[in-house]
Amino acid sequence: MPAEADLSTFRPKSEFLKVLLERGYVHQCTDLEALDAAAASGVVTAYVGYDCTADSLHIGHLISIMMLRWFQKTGHRPIALMGGGTTKVGDPTDKDQQRPLLTEAVINANLAGIQKTFDKFLTFGSGPKDAVRVNNADWLEKLGYVEFLRDYGVHFTINRMLTFDSVKLRLEREQPLSFLEFNYMLMQATDFLELNRRYGCTLQMGGSDQWGNIINGVELVRRVEGKQAFGLTTPLLTTASGEKMGKTVGGAVWLNADRLSPYDYWQMWRNTEDADVGKFLKLFTELPLDEVARLAALQGAEINEAKKILANEATTLLHGREAAETAAAAAKAAFEEGRVTGDLPTVEISGTELEVGVPIANVAADAGLASSRGEARRLAQGGGLRVNDQVEKDAQRLLTPADLNPQGVIKLAAGKKKIVLVRPV
């Protein structure tokens, strides 16, 4: 079946594709019918690759992680590929300029950080359906350059590589594309070939922006090994208002708790737009689809209960049930009962600095309640900034020790959805 086929008319036989299609994970597939037949007749092995560009994955990676989770839950073997080798080159996809090159020490530290997430979603082991974690540095760093060009470069034409969006868009914008980056797609294709040889992997999954890279791997496996392989991508995920999923004032929505607290993670889901509740329940929870439909159909104030369930379920998957319940209780205390609990996000400020006095706009911006001090001032002028539950329209007013509440903190809020505690140290 061609990639552009109408997915809504396809009736899968495999549980894997049935789940993925029903829940909205599938955007393109190289041959949906053949992949469905393979998944219905036995255990399939699939991988998703993650470069080590930071010490935590972010919410943009979550949809592919959930795909790997459903892949395993429906009886197949997932591979989480760590890009210890490809990170040294940098993926040019969807980038206007070359990524900064990271040292090996930084890459290894990042790799250790991102591996933590997969333990929450996948079951690793040595069984036929247990997940596998591998690092492409294990083979890419052993390739001699002449050997690499001779064995793999012959299967790629410059003509076709120039047609891929990651290359074409950069050239159209007259932005430089280094020869180093140009090699990335060959290296990613080599990953698929190597995983096919080592683990019998026949499927690569990823975001829609990876379609060109995935196609290269499918073709390389066919040309070198004479075997059929498959590529499957997810749709580009945006909110109902058209923003990229997970875009916030404070930056990326990280998956590691030391980067983003479970409370902030819970609150991000709680703040989902009404129109996105059903979609996100399908993609980021394991609730049955009939329950998803019931929750998505709620109207008015009742939709807030669905958002809380979304927040609880998504946070439980990543941080555990206890962390989700603690976050929910803290939010209820802060927003519904007006109480302050120690589970709210906290920012620290120098006690000496507080004695002198710090403009509210500075603290609000530093705490991520506003994108800048100017934005904090505009927020205050509109009545959207509160200090200890009192509207504060003068964002230049100085916070001092007189603002500390009986718990020794200052409660700072932006709108109805964001609260931080300011604690002197």
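# Close-up views of a predicted model

**Figure 1. Six strands form an open sheet with mixed pairing, in the order 1-6-5-2-3-4.** The edge positions are taken by strand 1 (28-29) and strand 4 (132-135), and each of these pairs on one side only. The structure shown here and in the other figures is a predicted model. At one edge, strand 1 is joined to strand 6 (residues 230-234) by two bridges, and these two strands run antiparallel. Within that pair, Cys29 stands opposite Leu232 in strand 6. As background, the strands of a sheet pair through backbone hydrogen bonds, in either a parallel or an antiparallel way.

**Figure 2. Strand 2 and strand 3 run parallel and are joined by seven bridges.** One position to look for is Ala46, whose bridge partner in strand 3 is Pro78. Is strand 2 enclosed or not? Six of its seven residues are buried, so strand 2 is largely enclosed by the rest of the structure. A residue counts as buried when its relative accessible area is under 20%. In a regular strand, side chains alternate between the two faces of the sheet.

**Figure 3. Helix 4 (residues 104-121) lies across three strands.** These are strand 2 (45-51), strand 3 (77-83) and strand 4. The helix runs at about 165° to strand 3. Strand 4 is also an edge strand of the six-stranded sheet.

**Figure 4. A second open sheet has five strands in the order 7-13-12-9-10, again with mixed pairing.** Strand 7 (346-349) and strand 10 (390-391) stand at the edges, and each has a single partner strand, so one side of each is left without a neighbour in the sheet. Strand 7 pairs with strand 13 (residues 418-424) in the parallel sense, over four bridges. In this pair, Ile349 stands opposite Pro424 of strand 13.

**Figure 5. Strand 12 has antiparallel pairings with strand 13 and with strand 9.** Five bridges join strand 12 to strand 13. Ala414 stands opposite Lys418 in strand 13. How many bridges join strand 9 (residues 385-387) and strand 12 (residues 410-414)? The pairing of strand 9 and strand 12 extends over three bridges. Arg386 has Ala413 of strand 12 as its bridge partner.

**Figure 6. Helix 1 (residues 15-23) and helix 3 (residues 62-73) cross with their axes coming within 9 Å.** The crossing angle is roughly 145°, and the crossing is right-handed. Which residues make the contact? Helix 1 contributes Phe16, Val19, Leu20 and Arg23, while helix 3 contributes Met67, Trp70 and Phe71. Sorted by class, the contact has six nonpolar residues, no polar residues and one charged residue.

**Figure 7. Helix 12 (residues 262-270) is mostly covered.** Of its nine residues, seven are buried. The buried residues are Tyr263, Tyr265, Trp266, Gln267, Met268, Trp269 and Arg270. Several residues of this stretch return in the next view, where Thr315 touches Pro262, Tyr265, Trp266 and Trp269, among others.

**Figure 8. Two threonines, Thr315 in helix 15 (residues 303-319) and Thr326 in helix 16 (residues 321-336), are shown together.** Is Thr315 buried or exposed? Thr315 has a relative accessibility of 0%, so it counts as buried. Leaving aside residues up to four places away in sequence, Thr315 touches Pro262, Tyr265, Trp266, Trp269, Gly320 and Ala324. Thr326 has a relative accessibility of 30% and therefore counts as partly exposed. Thr326 and Trp266 lie 60 residues apart in sequence, and their C-alpha atoms are 9.8 Å apart in space.

**Figure 9. The whole protein, for placing the close-ups, has 19 helices and 13 strands.** Buried residues make up 49% of its 425 residues. The accessible surface comes to about 19,300 Å², and 50% of this surface belongs to carbon and sulfur atoms. Among contacts with a sequence separation of 6 or more, 74% are between residues 24 or more positions apart.

Key:
Residues numbered from 1 in each chain as written. Predicted model: local features only at pLDDT ≥ 70, side-chain atom pairs only at ≥ 80, totals over all residues. Heavy atoms only, no water. Axes fitted to C-alpha atoms, helices over the stretch in contact; angles between N-to-C directions. Left-handed = near helix turned anticlockwise from the far one by under 90°. Contact = heavy atoms within 4.5 Å. Nonpolar A, V, L, I, M, F, W, Y, C, P; charged D, E, K, R; others polar. Buried < 20%, exposed > 50% of the residue type's maximum accessible area, 1.4 Å probe, protein only. Areas by Shrake-Rupley, 256 points an atom, 1.4 Å probe, with all protein chains shown as cover. Pairing = 2+ DSSP bridges.
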